[in-house]
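User: Hey, I've got a structure open and I'm not sure where to begin. Can you walk me through it?
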Amino acid sequence: MIRHLTRRMSHSHINEPNFLQMVNIFFDKASQYTGMRPEMLEQIKNTDTVLQMTIPLARDDGTITFHRAYRAQHSHHKLPCKGGTRYSPNVDLPEIEALAFLMTLKCACVNLPFGGGKGGIEVDAKALSEAERERLTRRYALELGKKGFLSPAIDVPGPDLGTGEQEMAWMMDTFVSHHPKNLNGIATTTGKPIELGGIPGRAESTGLGVFYGVREFLTDNYYMEKVGLSTGIAGKTFIVQGFGNVGYWAAHFLHKEGGKILGVIEHNSCVFNENGIDPDDLKNFLVQRKSFNGYPKAEIVKDQNDVYARECDVVIPAAIERSINGTNAGLLKCKVVAEGANGPTTPLGQEILEKNNVLVLPDLLMNAGGVTVSYFEYVKNLGHIKPGLLTKRWGAKRNQNIIETIAKLKNLDTKEAVAGLKRVQYTTGASELNLVYSGLEQIMTEAVQETKVTSQKLGVNLRIAAYVNSLKRIQDSTLEGTIGL
Ligand SMILES: NC(=O)C1=CN([C@@H]2O[C@H](COP(=O)(O)OP(=O)(O)OC[C@H]3O[C@@H](n4cnc5c(N)ncnc54)[C@H](OP(=O)(O)O)[C@@H]3O)[C@@H](O)[C@H]2O)C=CC1
Ligand SMILES: O=C(O)CCC(=O)C(=O)O
């Protein structure tokens, strides 16, 4: 028996440009500020290569379902192409192309040496058993590999909405099984479990990157004056849409720094508490109960728009594209929208927000933390060595010597010279996680700074500024001869 799929509610009912058209609209606007030749812009804009196929899945009950599956390699100006893998009933080719295009721009925005790619399968992964998910994922990886869309040199998938470490491990293992002589086979996916070549910090990296990005704006006098907020994260209030990988981790780090999470919007229920919600407590509840219904420490709200319309300082859309659009942007009472998701604000949504003096922090900058730590994992896999292994003990000894010298000079005991936790940290050397966080913070803060400079210099919003910086960087690394100019 063959079964067909039903699509879940998305924002497809909105009468606005689709996701791919949205990215093209922003691209065309930004293009005007680049001074680049039209041929170069055309070369960058178009998707290089796409794969679409239908893959069968043998279900546990003996039936077979068929799933449309895709991978788009938007740009080969740098290789490999890099980008996530989306499992959702709403996946289609234009969506995957839009996401791949954003990956090209995102990698350039934060200066990572990748072209953009993205893949996905039209499937409700939550309705599958683990064995079914494994069969589907391995078949997908096999087909990608056969067709040149999976390899450490050409195309390296990571996780995205609906996928995580387990899928990345299955895909890598499938590739390695078919290419046992490829020394770098383990680098064919990122976001893997640590024991299988992953890197500490990838799980939380996108949310942590959102945190670093938000911090760089909330602590900047110029931007806070513009929107009428005081500087700092402590005491600022947040509403988060989507409480998966990105939304939860962003909330976790903001809460840890003294931010107040007032509301969380999920697609089957929402919660709100004006005194703040502990994101870890809420996450535990969600994991156990699969919905916020019955959560005792906050008001349960049925309608997403009811939560969007509440007062807060920052809204973080971290679910799907086109969430903030012409129908609801006018409801938002926040001062800042920080985009954790890809493409959460439509051009009309952005126009309305800007009219209401809301500062929009764009996706390609704010959510670049995930692919940044994927880059660290990729480099670790190619190097076949843990980051910092060679210098860890040397660094620890050097710090110990410095502490002992200071103690001697000041006539102190080493314990008094540098107290407690700090001394332990200095004298054990940097862990892999320390290095990942440090590298991520560096890359995020530098990219934010570059985007601010371009925005102020050109008098354009931050999204256009981020696009302009990306386009110029892509131009710089595109050999003119390769496109016949
Ligand atoms: N994971 C990553 O490293 C990166 C992800 N992103 C982007 O961030 C966004 C979220 O990805 P990620 O956190 O990984 O995905 P997850 O699948 O981990 O989480 C998404 C969450 O959003 C919920 N959701 C889905 N649709 C809606 C909706 N219409 N309204 C409210 N909530 C909804 C999902 O609920 P349910 O599970 O019930 O469907 C889920 O809880 C995507 O746009 C993704 O492309 C960007 C950069 C990197
Ligand atoms: O780490 C990766 O390659 C996935 C990143 C991604 O899909 C994204 O940034 O949207």
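**Starting with K118**

User: Okay, K118: buried or exposed?

Analyst: K118 counts as buried, because it has 30 C-beta neighbours inside 10 Å, and 20 or more is enough for that label. Keep in mind that this is a predicted model.

User: Which strand is K118 in?

Analyst: K118 is found in strand β5, which covers residues 115-122.

User: And what does K118 touch, leaving out residues up to four places away in sequence?

Analyst: K118 touches A72, G83, G84, I96, L99, A100 and M103.

User: What does UniProt say about K118?

Analyst: An unreviewed UniProt entry places the feature "active site" at K118.

User: Switching topic: how many residues surround ligand 1?

Analyst: Ligand 1 has 24 residues around it, and the closest are G242, G244, A319, A341 and G370.

User: Which helix gives the most to that shell?

Analyst: That's helix α8, residues 245-256, with 3 residues in the shell around ligand 1.

User: How do the shell residues divide into nonpolar, polar and charged?

Analyst: The shell around ligand 1 has 13 polar residues, 9 nonpolar and 2 charged.

User: Last thing, what pLDDT does the protein average?

Analyst: The average pLDDT is 94, and 96% of the residues score at least 70. Over residues 1-9, though, the pLDDT is below 50. That stretch has 15 contacts in the model beyond near neighbours in sequence.

User: And what are the ipTM and pTM?

Analyst: The model scores ipTM 0.98 and pTM 0.95.

How values were computed. Residues numbered from 1 in each chain as written. Chains lettered and ligands numbered in written order. Predicted model: local features only at pLDDT ≥ 70, side-chain atom pairs only at ≥ 80, totals over all residues. Near = placed C-beta within 6 Å. Helix = DSSP H or I, 4+ residues; strand = E, 2+ residues; numbered from the N terminus. Nonpolar A, V, L, I, M, F, W, Y, C, P; charged D, E, K, R; others polar. pLDDT = per-residue confidence, 0-100. Contact = placed C-beta atoms within 7 Å. UniProt positions renumbered as here; feature names shortened; annotations may be inferred. Buried ≥ 20, exposed ≤ 12 C-beta atoms within 10 Å, placed from the backbone.
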